[in-house]
Every structure is written in C-alpha cells, then in structure tokens.
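Thanks, everyone, for making the time this morning. I would like to walk you through one structure, so please have a look at it first, and then I will take it piece by piece.

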Amino acid sequence: MLLIPQPKQWQSLKDVEDYARACIEMCGPPGWSVVWDRAVKRLGCCKFNKRVLSFSRFFVESYLQKDPELIRRTVLHELAHAMAWEKYRERGHGPAWRRACCELGIADERSVCKCDDFAPPERKRQALYALCHAETGEVYRYYYRKPNYSVRRLRLSYIPGQRDHTLGKLRLIDLRESSAKQ
Ligand SMILES: [Zn+2]
C-alpha cells in the first residue's frame, strides 16, 4: 500500500484540490491534473483523453464538512481510474482499477456510490431536468419542465463548439433521482 498523506480538516475547495494534487504526485501517473466541474449527478470523473481528474464543485462544497471521508474516497477512486488507464489502458471498474484501489488503501471501494442529491438549492428548487454528457456527467442546460426531445433527436444533437465531444453523448436526466459516482 502506498502512503497517502491524510487530509487535515478541509475548509475549502482549495484544500481538496491540494490533496488531490499531492495524491497524483505521490502515487499517480505523471502529467495528470485536477479540475472542477458543475456536475450535479456524479461526484467525480476521470477524463482519460485530457488526463484530468474532474470533481463536482457542488458535491465537494456540500460535503466538505458533512463527509470529508467521502470526498477523500472520491479523489482516490478517480485516481485509481487514471492509474489503471496509464498502466493497462483499462476503463471502468475492472481488475486493474481494483488493484490500483488496493495500492491506494481503499481496497473495498465500490464502483457506484449513492449519496444525497447535492444539486445547489437554487437548482433543486427550480430545475427538474438537465441535459448532461452521458460519460462525464457535465451539465449543459437545465429545464424547468420536461423538454420534448425524442431519443432520435438527442442522438443527433450536440453542444455548439463541442461537436466531437458531445455528439451522440447527450442524455436528459431527471434531477429528482439520487446521485451517483461514476
Ligand atoms: Zn469509477
């Protein structure tokens, strides 16, 4: 097991970012970085092509005091994806990811984590649906009533300026369901 520096009490997003960077430096493959996103339906994700670990700003903000361990786990969970990818070109929660979890000291980590909805209050109150990227969970638009998208129309849609990244990857999600880790 590798020795990961334990986080002190987290006060801000910056502390989490510093911790994630330290973990990458200590255990992860070189060249990876940490970014924030505005996802509301998953905690973190690993973007293999950009070599980036991306975490939901909303999730971290709402769990900073409530459950620091969940945040720490999420950082290591995504780091394990980066390790499995760089070493074995494995995506998802296969044997290489599991091995990386063991190395990082989270052998019992699960592929999916259910937790409370962490959409910010103003979103929770108003929006019922969101247009998301199926793989990264990134939200592009919120809706206050169900939009009239057919499956076919969604498949042919993309976000202007991000055609390669979003064509065929857009999904409409119901924000009233609970959230999950990817
Ligand atoms: Zn995962």
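Let me begin at the hairpin of strand 5 and strand 6, where five residues lie between the two strands and where Gly-137 takes a positive phi near 80°. I should say at once that this is a predicted model, and that every value I quote is computed from it.

The two strands of that hairpin, strand 5 and strand 6, pair in the antiparallel sense over four bridges, and within this pairing Tyr-129 stands opposite Tyr-143 in strand 6. On to the other partner: strand 5, which covers residues 129-133, also pairs with strand 7, again in the antiparallel sense, and here over five bridges. In that second pairing Cys-132 is found opposite Arg-171 of strand 7. Taken together, this gives an open sheet of three strands in the order 6-5-7, with antiparallel pairing. Its edges are formed by strand 6 (139-143) and strand 7 (170-174), each of which pairs on one side only, and neighbouring strands are turned by 25° against each other on average, with direction ignored.

There is another sheet to describe. It is open and has three strands in the order 1-3-2, but its pairing is mixed. Strand 1 (33-37) and strand 2 (44-47) stand at the edges with a single partner strand each, so one side of each has no neighbour in the sheet. The twist here averages 25° from one strand to the next. As for the pairing of strand 1 with strand 3 (residues 52-56), the two run parallel and are joined by five bridges, with Ser-33 placed opposite Val-52 in strand 3.

Which helix, then, lies across strand 2 and strand 3? That is helix 3, which runs at about 20° to strand 2. Helix 3 spans residues 68-88, 21 residues in total, and reaches 30 Å from its first C-alpha to its last, close to the 30 Å expected at 1.5 Å a residue. Helix 3 is followed by Arg-89, whose phi is positive, near 55°.

Now to the helix packing. As a general reminder, two packed helices are described by the angle between their axes and the distance between the axes. For helix 1 (residues 13-27) and helix 3, the axes come within 10 Å and cross at roughly 35°, and the crossing is right-handed. Helix 1 contributes Val-16, Tyr-19, Ala-20, Cys-23, Ile-24 and Cys-27 to this contact, while helix 3 contributes Ile-71, Val-75, Leu-76 and Leu-79. By class, that makes 10 nonpolar residues, with no polar and no charged ones.

Helix 3 also meets helix 4 (residues 95-103), and there the axes come within 8 Å and cross at roughly 125°; the two helices are therefore oblique to each other. This crossing, too, is right-handed. On the side of helix 3 the contact involves Ala-80, His-81, Met-83, Ala-84, Lys-87 and Tyr-88, and on the side of helix 4 it involves Ala-96, Trp-97, Ala-100 and Cys-101. What is the make-up of this contact by class? The contact of helix 3 with helix 4 has eight nonpolar residues, one polar and one charged.

To close, helix 3 is the element I would keep in view, since this one helix is in contact with helix 1, is in contact with helix 4, and lies across strand 2 and strand 3.

How values were computed:
Residues are numbered from 1 along each chain as its sequence is written. This is a predicted model: local features need pLDDT of at least 70, side-chain atom pairs count only at pLDDT 80 or more; totals for chains, interfaces and linings use all residues. The expected span of a helix is 1.5 Å times one less than its number of residues. Two strands pair if DSSP finds at least two bridges between them. Axes are lines fitted to C-alpha atoms, for helices over the stretch in contact, and angles run from 0 to 180 degrees between N-to-C directions. A crossing is left-handed if the near helix is turned anticlockwise from the far one by less than a right angle, and right-handed if clockwise. Two residues are in contact if their C-beta atoms, placed from the backbone, lie within 7 Å. Ala, Val, Leu, Ile, Met, Phe, Trp, Tyr, Cys and Pro count as nonpolar, Asp, Glu, Lys and Arg as charged, and the others, Gly among them, as polar. Angles under 35 degrees count as roughly parallel, over 145 as roughly antiparallel, 65 to 115 as roughly perpendicular and the rest as oblique.
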